[in-house]
Amino acid sequence: MTDSLQLRSEYPLQELNTFGLPAVAEYYTEIHAADQLEQLEQWLKRHPMPLLLLGGGSNLVLADRVPGLVARILIRGWHRSDLSASHVRLRVGAGENWHATVEKSIEQGLYGLENLALIPGTVGAAPVQNIGAYGVELKDRISAVEVFDRQEQCLRDLSPEACRFGYRDSLFKSIEPERYIITAVEFSLARQFTAELSYAGLREGLGHDPVTPKRVFDTVCRIRREKLPDPTEIGNAGSFFKNPVVSADLYQQLKHRFESLVAYPDTDGYKLAAGWLIDQCGLKGFSLEHVGVYPRQALVLVNLGAARREDIERLARHVQQMVQERFGVRLEPEPRFYP
Ligand code: EPU
């Protein structure tokens, strides 16, 4: 039996977005089970309006007023099944907390998510921007994404290929952002642990003791806590800019001018460390009104208290301008601005 949809109007979202912006939703509802989505669709048919799906609210920059309906996805669930002698399928509800899922998978002897520890947000939001950290991207661990297809009005599984994952990008973020509601994510996890240690900072943090899944998990948590602000203490949305990808030509020119430039080879050229570019402009710790550049990681903008979307936009523009002037490179914001 499906619980009927509870709708609220003029609902405060300040506690539901990690930037802590004082947004108010015109309408708000919570989805606890996939079968409530049909009701949601019926309601939207009778009252046509924009729909914003909310997970952990950790990648959002909201305006003061959010027109239309905000639906917070709180679908729970944890189902494991054997895939092969070496791998297990784990299907997790979209509303489960990401970090708790990583922790629980390791406790159950299922490996592959350790490097993605402590990323804020929910399981269902993870594929939208293909979360990644310390040498692992979500796309490397996914076997399917379960969605409610709003066009076909049915639940179905999308293969990883169909999700068109890219660097902090996917079908859900930039190709068909309106069409699907993610209800669960299925991971393919290994019974045998293989450490992914391509990220130098992680190797260094692990030192010389034997590498276990728990030690990788703990080390990733420690590195993140050292560099990144805890959104429950200081409002932020993680990396505010993507690391820009530039051509090999431009990379060579920049490397010639700036010897210590931090860059990694990428399929389309070179990925530059945006944090380094911003840092070089002397912006670490810089603030404008209620928003600042985090002193320990220049890639993160933080709410110094009472920030509104306009304050974030103003500082973001300033950062973009400085980086553009000095390096001729355009920084693209990572979080979603809504509306
Ligand atoms: N750097 C500076 N100054 C700074 C920040 C960075 O010089 O203020 C330099 C660092 O010394 C390092 C390089 O820039 O040599 C890269 O920095 P870091 O290793 O901290 O990683 P990042 O490129 O800034 C990316 C992701 C993070 C992810 C880390 C680790 C993006 C946009 N960000 O950050 O993801 O945790 O790598 O893999 O790709 C997020 O998306 O919200 C996020 C935190």
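Twelve nonpolar, six polar and seven charged residues make up the shell around the ligand. The model is a predicted one. Start with this shell, then move out to two buried residues.

The shell holds 25 residues. Tyr-134, Tyr-167, Tyr-199, Asp-279 and Gln-297 come nearest to the ligand. Where do these surroundings come from in the chain? Domain 2 (78-224) and domain 3 (228-338) each give at least three residues to the shell.

Now look at single atoms. Tyr-199 has a side-chain N or O atom 2.3 Å from an oxygen atom of the ligand. Asn-243 also faces an oxygen atom of the ligand, with a polar side-chain atom at 2.9 Å. With Asp-279, the partner is a nitrogen atom of the ligand, and the distance to a polar side-chain atom is 2.8 Å. How much of the ligand's accessible area does the protein cover? On its own the ligand has 820 Å² of accessible area, and the protein covers 81% of that.

Which elements give two or more residues to the shell? They are strand E8 (132-133), helix H5 (213-227), strand E13 (236-239) and helix H7 (274-280). H7 supplies the largest share, three residues.

Next, find Arg-91. Look for it in strand E7, which spans residues 87-93. Is Arg-91 buried or exposed? Its relative accessibility is 19%, and buried means under 20%, so Arg-91 counts as buried. Two side chains make polar contacts with the side chain of Arg-91. One belongs to Glu-146, at 2.8 Å. The other belongs to Asp-157, at 2.6 Å. Both residues also appear among the contacts of Arg-91 beyond four places in sequence. That list further includes Gly-77, Trp-78 and His-79, along with Ala-144. Ala-184, Val-185 and Glu-186 complete it.

The last stop is Tyr-251. This residue sits in helix H6, residues 248-257. Tyr-251 has 12% relative accessibility, so it counts as buried too. What does Tyr-251 touch, not counting residues up to four places away in sequence? The answer is Val-246, Leu-261, Ala-263, Tyr-270 and Leu-272. Take Tyr-270 as an example. Along the chain, Tyr-251 and Tyr-270 are 19 residues apart. In space, 6.6 Å separates their C-alpha atoms.

Conventions:
Residues numbered from 1 in each chain as written. Predicted model: local features only at pLDDT ≥ 70, side-chain atom pairs only at ≥ 80, totals over all residues. Heavy atoms only, no water. Near = heavy atom within 4 Å. Polar contact = N/O pair within 3.5 Å; in protein donor to acceptor, adjacent residues only side chain to side chain. Areas by Shrake-Rupley, 256 points an atom, 1.4 Å probe, with all protein chains shown as cover. Helix = DSSP H or I, 4+ residues; strand = E, 2+ residues; numbered from the N terminus. Nonpolar A, V, L, I, M, F, W, Y, C, P; charged D, E, K, R; others polar. Domains from an automatic or database assignment. Buried < 20%, exposed > 50% of the residue type's maximum accessible area, 1.4 Å probe, protein only. Contact = heavy atoms within 4.5 Å.
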